[in-house]
Amino acid sequence: MEVNSGHTCYNTTLAVYVYYFVKHFLTVLLSFVLVLPFGYSQKTVQLKLLPVDQPLEAFAKKINYQAELTDSISVVLELRSILNQLHQQAYLEASVDTLVRQDSLFTALMHIGPAFEWVRLQNGNLDEVFLEQTGFRTRLYREKPFNRAQLEEQLDDLLEYAENHGYPFASVWVDSLRLAPGAIDGQLFMDTGPLVVFDTLNVEGTINLTKSYLKNYLGIRQGQVYDKSKLLEIRERLRELPFVQSKKDPTVSFKDDKAIVNLVLEKKKASRFDFLIGVLPNSAQTGRLLITGTFMGEMQNQFGLGERIFASFEQLRPQTQELDLQFNYPYILDLPFGVDLAFDLYRRDTNYINIEFNFGIQYLMEGGNYVKAFWDNRTTNLLTVDTFEVQQFNRLPDTLDVSNSTFGLEYVYKKLDYRFNPRKGWGVSLLGGAGVKTIRRNANIESLVEGAALYDSLTLRTFQYRAEAEIEGYFPLFQRSTLKASLRGGAIIAERAIFANEQYRIGGNQLLRGFDEESIFATQFAIATLEYRLLLGQNSYLYSFLDYAYVDAKTANLTENTVDYPYGFGFGISFETRAGVFGINLAYGSQQNNPIDFAAPKVHFGYVSLF
């Protein structure tokens with residue numbers, strides 16, 4: 001972030017600093033001049049320290065230094081380091097009084113002086129809110145050792161708070177100093193300068209995006225009090241928008257009491273068509289392969305409003321397909337609210353069809369984070385009924401015609417250095433919903449003998465709850481790698497038993513790798529993931545992973561041995577080219593305590609084409 005006018009400073013050169021700094025500087029400089037002619041005559045020299053006003057043993061405990069050095073220049077640098085250590089410990093009078101050389105031995109006669117203490121540091125003219133928000137307490141500076149680092153940190157905190165609350169030209173200093181032997185008394189002063197507010201966003205370049213979207217997304221609104229922290233986040237925030245590319249670093253211009261933020265933005269290819277092909281061993285037929293496919297299309301910011309349109313079709317296995325449609329429109333009427341719509345259709349073989357519709361209102365926070373209130377309606381329609389099994393066991397099947405209507409809240413917050421391929425940061429996603437489940441009578445079942453009686457034994461209308469959570473963290477390792485750790489889980493909680501067609505479907509390339517796509521059904525699940533990534537570029541990386549899960553598949557007809565601990569592991573690569581992003585991974589999995597079949601890995605190929 002560049003600023004083309006104005007400055008910010010504070011005065012830490014207290015009178016006592018100036019006096020002692022000049023004194024020490026001249027002493028060391030004189031010594032340097034004296035030893036310079038001999039600086040290259042010896043390969044190694046010895047440094048001996050002799051304090052003139054303290055016992056040598058007590059002095060030696062206060063510092064760390066090297067006694068054997070390469071040349072006389074190193075002696076000067078080492079003495080400067082020693083003085084800095086003493087000053088940090090409040091020995092402000094510490095100085096090198098005399099430096100004597102005898103062949104390769106340098107002897108420094110040092111004056112240490114008393115350790116200075118604060119008599120007190122009072123508030124001179126600062127508003128109490130500044131002191132409260134930065135943690136200033138007079139008791140921290142009353143009869144306590146003088147600590148230069150502590151004082152400088154306090155001044156920095158005051159400046160940072162001022163710059164983030166409308167005062168970019170603030171300065172702060174300590175004045176009204178009174179010095180006594182080993183004691184300092186002073187007052188803290190601040191000149192805030194004028195109160196500055198944000199004016200307009202000045203956007204140049206080829207981007208087709210409304211200023212309304214940008215100011216809401218970046219959190220920089222006209223008339224809002226100037227906040228330097230928001231400016232420092234602009235670059236990273238813009239990187240997280242898939243359809244924007246910043247051509248220059250953001251700058252800020254000041255005019256009178258207003259700040260103008262200048263951006264140069266170009267359009268970036270973000271709309272995409274991509275597919276993922278899975279080559280998996282067929283779990284039902286030994287020696288045969290099962291080909292699965294996912295085809296997705298996504299359009300971003302086609303109308304300059306930051307909107308998103310998404311469509312996905314998945315062929316999970318023969319006669320099992322899923323269609324997913326999503327639409328998101330942010331910042332309606334220039335307000336921090338957005339509309340979120342989703343439609344999902346899932347056909348499970350010839351057994352049943354799930355139809356789900358989700359409508360949500362998002363409260364949008366800066367950086368794409370949000371809180372959403374939603375209504376979700378899910379309906380299951382049976383396609384076929386095994387009437388023979390119903391009559392034989394005199395019980396309803398594990399899938400029934402069911403409707404679920406749920407109201408809930410979702411919270412998503414991520415603080416990552418780069419959302420699409422992060423190296424550090426964390427994120428959390430929480431979802432909770434409550435609603436009513438209604439079991440609808442099926443005509444084919446009711447037509448059977450005792451069929452209607454089976455429904456009479458059920459409570460057809462009950463309450464049902466759903467909770468989901470995901471926590472992830474990225475921890476930098478070495479220069480170009482990171483370790484991802486995450487925990488994701490979900491649970492369906494109900495007054496009565498859950499049916500199979502209501503369960504979560506997990507497994508596959510997106511969740512619990514090493515298994516067929518959506519092949520594991522769960523009423524409750526938790527998946528822990530460790531993933532090591534070697535970053536090759538902005539959107540390219542090599543990775544290896546381990547997924548370990550807890551799964552409870554308990555349903556109305558399945559009540560024993562429902563808990564399992566499947567796990568998967570493997571490795572892969574994702575790399576970006578001009579033609580798009582390619583990816584391939586290989587994974588192995590095990591469940592129900594079965595051995596791993598290393599001859600039958602799950603292989604996924606992916607390609608993303610941007611336009």
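This passage describes the overall form of a predicted model of a single chain and then two groups of its paired strands.

The chain contains ten helices and 32 strands. Its C-alpha trace spans about 110 × 60 × 50 Å along the principal axes, and its radius of gyration is 34 Å, whereas a compact globule of 611 residues would have a value near 25 Å. Of the 611 residues, 45% are buried, and the accessible surface of the chain comes to about 31100 Å², with 56% of that area belonging to carbon and sulfur atoms. Among contacts in the chain with a separation of 6 or more, 61% are accounted for by residues 24 or more positions apart.

Confidence in the prediction was considered next. The mean pLDDT of the chain is 86, and 90% of the residues reach 70 or more. Over residues 1-23, however, the pLDDT stays under 50, and the model has 57 contacts beyond four places in sequence for this segment. A further stretch, residues 32-42, also has a pLDDT below 50, and in the model it has 17 contacts beyond near neighbours in sequence.

Towards the beginning of the numbering, four strands form an open sheet of mixed pairing, arranged in the order 4-3-6-5. The edges of this sheet are strand 4 (68-69) and strand 5 (95-102), each of which pairs on one side only. Within the sheet, strand 3 (residues 45-51) and strand 6 (residues 105-111) run parallel and are joined by six bridges; one point of this pairing is given by Gln 46, whose bridge partner in strand 6 is Leu 105. Helix 3, which comprises residues 72-88, lies across strand 3, strand 4, strand 5 and strand 6, and runs at about 30° to strand 3.

A second group of paired strands involves strand 27. In general, the strands of a sheet pair through backbone hydrogen bonds, in either a parallel or an antiparallel manner. Strand 24 (residues 481-494) and strand 27 (residues 524-537) run antiparallel and are joined by eleven bridges, with Arg 488 standing opposite Ile 527 of strand 27. Strand 27 is also joined to strand 28 (residues 540-552) by 13 bridges, and these two strands likewise run antiparallel. The connection between strand 27 and strand 28 is a hairpin that passes through two residues, and along this pairing Leu 534 has Leu 542 of strand 28 as its bridge partner. Strand 27 is thus bridged both to strand 24 and to strand 28.

Note on methods: Residues are numbered from 1 along each chain as its sequence is written. This is a predicted model: local features need pLDDT of at least 70, side-chain atom pairs count only at pLDDT 80 or more; totals for chains, interfaces and linings use all residues. Side-chain values use heavy atoms; hydrogens and water are left out. Two strands pair if DSSP finds at least two bridges between them. Contact means heavy atoms within 4.5 Å. Axes are lines fitted to C-alpha atoms, for helices over the stretch in contact, and angles run from 0 to 180 degrees between N-to-C directions. pLDDT is the predictor's confidence in each residue, from 0 to 100. The radius of gyration is taken over C-alpha atoms; the globule rule is 2.2 Å times the number of residues to the power 0.38. Buried means under 20% relative accessible area, exposed over 50%, partly exposed in between (1.4 Å probe, protein chains only). Accessible areas come from the Shrake-Rupley method with a 1.4 Å probe; for residues, only the protein chains shown count as cover.
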